[in-house]
Amino acid sequence: ACTPVRWSASRRCCAGSIGTGGKAPALDQLYNPSYGNPKLTSERSTGVDVGIDQSLFGGRLTLSFTAFHNRYSDLIQYSSGGCAPYYGYGCHYNVAKAETMGVETSADAVLIQGLVSLRGQYTYLLSEDSSTGLTLIRRPKHNGSVSLRIAPMDKLTITPTLRVVGARIDRTTDPITFQLVRTRLAPYARLDVRADYQVHKNLNLFVRAENLTDARYQEVYNYGTTGRAVHVGARATW
């Protein structure tokens, strides 16, 4: 529901939801000869969230806040170690039960009307494998981004985005004892820039530069990520 507030042309919207869901394992997770696990079962989940959006200063600033809580059964996870010997590149497995909860916040601000706008987003997440009491792997407690949308001329937009991801826990196999151990993935920051030019109402050209600072980081333990990269392309609609 949305209601006016005392600031001129400002509104506040509140919403909430509750639901259940299921997710079958992908064919690749089941049957890939390197890391597939045909014994995987479907994930099941129950989630609830409640949020509020607050518009201020005639719509030039919008603040959002959402709290959420999810319970999972048979959550599918991937491990790069601790699998049966015939798994050459890790394996997928089901977590008996898991739980996540946290808050998501965001802010959208028009800095210069029609020229520059700013968006910031932050997520605080707590996750737990209910069977062990340990944090789920690769789930950062802190995760956020800040981006500018700049329109220096008609039909052209430039969007630099800084993404910051906090430390995460991963799993691997100790090379000496061959026991499964938990390890820490370091936090990282990554800067991307995207430029879009609308040639026609049905044709858009874009250039996307990723990881401009050439940050070294890992999403999965011992798996590298690309350094600086530039992508050029076109998107057509009809």
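**Entry 1: overall fold**

I began with how the chain is tied together, and found that, among contacts in the protein chain between residues at least 6 apart in sequence, 53% join residues at least 24 apart. I note at the outset that this is a predicted model, and I read every value below with that in mind. Counting the elements, I found one helix and 13 strands in the protein chain, and I wrote down their order from the N terminus as β-β-α-β-β-β-β-β-β-β-β-β-β-β. The C-alpha trace spans about 60 × 40 × 35 Å along its principal axes, and 30% of the 238 residues count as buried.

**Entry 2: confidence**

I then looked up how far the prediction can be trusted, and the protein chain turned out to average a pLDDT of 89, with 92% of the residues scoring at least 70. Over residues 4-8, however, pLDDT stays under 50, and the model has eight contacts for this stretch beyond four places in sequence. I leave the details of such a stretch alone, because predicted coordinates should not be read in detail where pLDDT is low.

**Entry 3: the largest pocket**

Which residues line the largest pocket? I listed Leu125, Leu126, Ser127, Thr135, Arg139, Lys141, Ala167, Arg168, Ile169 and Arg184, around a volume of about 160 Å³. Sorting this lining by class, I got four nonpolar, two polar and four charged residues. I also traced the lining back to the elements, where β6 (116-129) and β9 (168-173) each supply at least two residues, and the largest share, three residues, comes from β6.

**Entry 4: salt bridges**

My search for salt bridges gave a count of nine, and I followed three of these pairs one by one.

In one of them, the side chains of glutamate 99 and arginine 71 meet with N and O 3.7 Å apart. This pair links distant parts of the chain, since glutamate 99 lies in strand β5 (residues 91-112) and arginine 71 in strand β4 (residues 61-79), with their positions 28 residues apart in sequence. Is glutamate 99 buried or exposed? I recorded glutamate 99 as buried, because its relative accessible area is 15%, under the cut-off of 20%.

Another salt bridge joins the side chains of aspartate 192 and arginine 190, at 3.0 Å from N to O. Here I checked both partners: aspartate 192 is buried, with a relative accessible area of 18%, and arginine 190 also counts as buried, at 18% relative accessibility.

The third pair I followed is aspartate 214 with arginine 228, whose closest N and O atoms are 3.8 Å apart. Both residues sit in the loop between β12 (203-210) and β13 (229-236), 14 residues apart, and the pair is counted as linking distant parts of the chain. Aspartate 214 counts as partly exposed, at 33% relative accessibility, whereas arginine 228, at 57%, counts as exposed.

**Entry 5: the surroundings of threonine 159**

I next picked out threonine 159, which is found in strand β8 (residues 156-165) and counts as partly exposed at 22% relative accessibility. What is threonine 159 in contact with, leaving aside its neighbours within four places in sequence? I found Ser147, Leu148, Arg149, Asp192, Val193 and Arg194; among them, Asp192 is the aspartate that I had already met in the salt bridge with arginine 190. I also noted the spacing between threonine 159 and aspartate 196, which are 37 residues apart in sequence while their C-alpha atoms are 8.5 Å apart in space.

**Entry 6: positive phi values**

Last, I looked at backbone angles, keeping in mind that most residues other than glycine have a negative phi. Phenylalanine 57 departs from this pattern, with a positive phi near 55°. I placed phenylalanine 57 in the loop between β3 (43-56) and β4, and I noted that phenylalanine 57 counts as exposed because its relative accessibility is 56%, over the cut-off of 50%. Arginine 138 likewise has a positive phi, near 60°, and its place is in the loop between β6 and β7 (142-153).

How values were computed:
Residues are numbered from 1 along each chain as its sequence is written. This is a predicted model: local features need pLDDT of at least 70, side-chain atom pairs count only at pLDDT 80 or more; totals for chains, interfaces and linings use all residues. Side-chain values use heavy atoms; hydrogens and water are left out. On a 1 Å grid over the protein atoms alone, a cavity is a set of points where a 1.4 Å probe fits but cannot get out, and a pocket is an open set with protein on both sides within 12 Å along at least five of seven lines; lining residues have an atom within 4 Å of a point. Grid points are joined across faces, edges and corners, and a volume is the space filled by probe spheres set on the points. Helices (H or I, at least four residues) and strands (E, at least two) are DSSP runs, numbered from the N terminus. Ala, Val, Leu, Ile, Met, Phe, Trp, Tyr, Cys and Pro count as nonpolar, Asp, Glu, Lys and Arg as charged, and the others, Gly among them, as polar. pLDDT is the predictor's confidence in each residue, from 0 to 100. Contact means heavy atoms within 4.5 Å. A salt bridge is a side-chain nitrogen of Lys or Arg within 4 Å of a carboxyl oxygen of Asp or Glu. Buried means under 20% relative accessible area, exposed over 50%, partly exposed in between (1.4 Å probe, protein chains only).
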